[in-house]
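This report describes a single structural model, moving from individual residues to the fold, the surface and a pocket. Please keep the sequence and the coordinates in view while reading.

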Amino acid sequence: MPQNRLWIKMELRLLGIIQLMTSLIIQSLGYFWTYLFFSQSFAFGLTSGYLPIIGASGYSLWASLFFSLSGSFSIALQRRPSNYMLIWTMTMNILSIFATLIGVFLISIELMMTADLQSPLWQHYREVVGCLQNISSCSLSWRCLWHL
């Protein structure tokens, strides 16, 4: 039996699928966060002066790219093992780990920055809650419908 034969386990395909799913989740959350940020700023005006670090850095785009490449290389390595594919898979897995650590760092910085804000990020929260209470008591007004 040759000595340079690669022994790849079947769990590598499962790891690749989990990385692809993680990529889709990160991408969807990034689109959702961007939608929420722009819808709030267009509807109510950006009065807090706050720009999210996660959105400004484009974390959801490049992190999902790393995870999707890492998952794709893991599945390809399991199907056709070679030394070069092993090197690329290990490199992309290491880059995915760094992307995860950077994401944890960015989110912790984001939480520390938002903890010191004097006003809430969504400043019209009380009006909407009041409108929802009015809706539940069947007293609709145009102002409540405008804020929903």
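Leu-12 has a relative accessible area of 16%, and because buried means under 20%, this residue counts as buried. The model in which this value was computed is a predicted one. Leu-12 lies in helix H1, and, once residues up to four places away in sequence are set aside, its contacts are with Ser-74, Leu-77 and Gln-78. For one of these partners a backbone distance is also available: the C-alpha atoms of Leu-12 and Leu-77 are separated by 8.1 Å, although the two residues are 65 apart along the chain.

Gln-19 is a further residue of helix H1, and with a relative accessible area of 9% this residue is buried. Leaving out residues up to four places away in sequence, Gln-19 touches Phe-67, Ser-70, Gly-71, Ser-74 and Asn-93. The last of these, Asn-93, belongs to helix H4 and counts as buried at 17% relative accessibility. Seen from its own side, and again without neighbours within four places in sequence, Asn-93 is in contact with Gln-19, Ser-70 and Ser-74. Ser-74 therefore appears in the contact lists of Leu-12, of Gln-19 and of Asn-93, where contact means heavy atoms within 4.5 Å.

Is Leu-24, which is also placed in helix H1, buried or exposed? At 54% relative accessibility Leu-24 counts as exposed, because the exposed class begins over 50%. The separations between C-alpha atoms for this residue and for the pairs discussed above are collected here.

| Residue pair | Separation along the chain | C-alpha distance |
|---|---|---|
| Leu-12 and Leu-77 | 65 residues | 8.1 Å |
| Leu-24 and Ser-60 | 36 residues | 9.7 Å |
| Asn-93 and Gln-19 | 74 residues | 9.4 Å |

These pairs can be set against the chain as a whole. Among contacts between residues at least 6 apart in sequence, 73% join residues at least 24 apart. The protein chain has six helices and zero strands, so that, read along the sequence, its pattern is α-α-α-α-α-α. Buried residues account for 25% of the 148 residues, and the accessible surface comes to about 10,800 Å², with 70% of that area belonging to carbon and sulfur atoms.

Part of the surface is a nonpolar patch, formed by Ile-25, Leu-29, Phe-32, Trp-33, Tyr-35, Leu-36, Ile-107 and Leu-111, which together have about 800 Å² of accessible area. Helix H1 (11–44) and helix H4 (83–115) each supply at least two residues of the patch, and H1 gives the most to it, with six residues. Ile-107, one of the patch residues, is found in helix H4. Its relative accessible area of 38% makes Ile-107 partly exposed, because this class runs between the 20% limit for buried and the 50% limit for exposed.

A probe the size of a water molecule, rolled over the atoms, shows where empty space is left. The second largest pocket in this model has a volume of about 160 Å³, and its lining consists of Ile-26, Leu-29, Trp-33, Tyr-59, Ser-60, Phe-67, Thr-100, Gly-103, Val-104 and Ile-107. H1, helix H3 (59–79) and H4 each supply at least two residues of this lining, whereas the largest share, four residues, comes from H4.

Several residues link these descriptions. Leu-29, Trp-33 and Ile-107 are named in the nonpolar patch and also in the lining of the second largest pocket. Phe-67, a lining residue, is among the residues that buried Gln-19 touches, and Ser-60, likewise part of the lining, has its C-alpha atom 9.7 Å from that of Leu-24.

Conventions. Residues are numbered from 1 along each chain as its sequence is written. This is a predicted model: local features need pLDDT of at least 70, side-chain atom pairs count only at pLDDT 80 or more; totals for chains, interfaces and linings use all residues. Side-chain values use heavy atoms; hydrogens and water are left out. Patches are made of residues with over 30% relative accessible area and no salt bridge: like charges are joined within 9 Å, nonpolar side chains (Val, Leu, Ile, Met, Phe, Trp, Tyr) within 5 Å. Accessible areas come from the Shrake-Rupley method with a 1.4 Å probe; for residues, only the protein chains shown count as cover. A salt bridge is a side-chain nitrogen of Lys or Arg within 4 Å of a carboxyl oxygen of Asp or Glu. Buried means under 20% relative accessible area, exposed over 50%, partly exposed in between (1.4 Å probe, protein chains only). On a 1 Å grid over the protein atoms alone, a cavity is a set of points where a 1.4 Å probe fits but cannot get out, and a pocket is an open set with protein on both sides within 12 Å along at least five of seven lines; lining residues have an atom within 4 Å of a point. Grid points are joined across faces, edges and corners, and a volume is the space filled by probe spheres set on the points.
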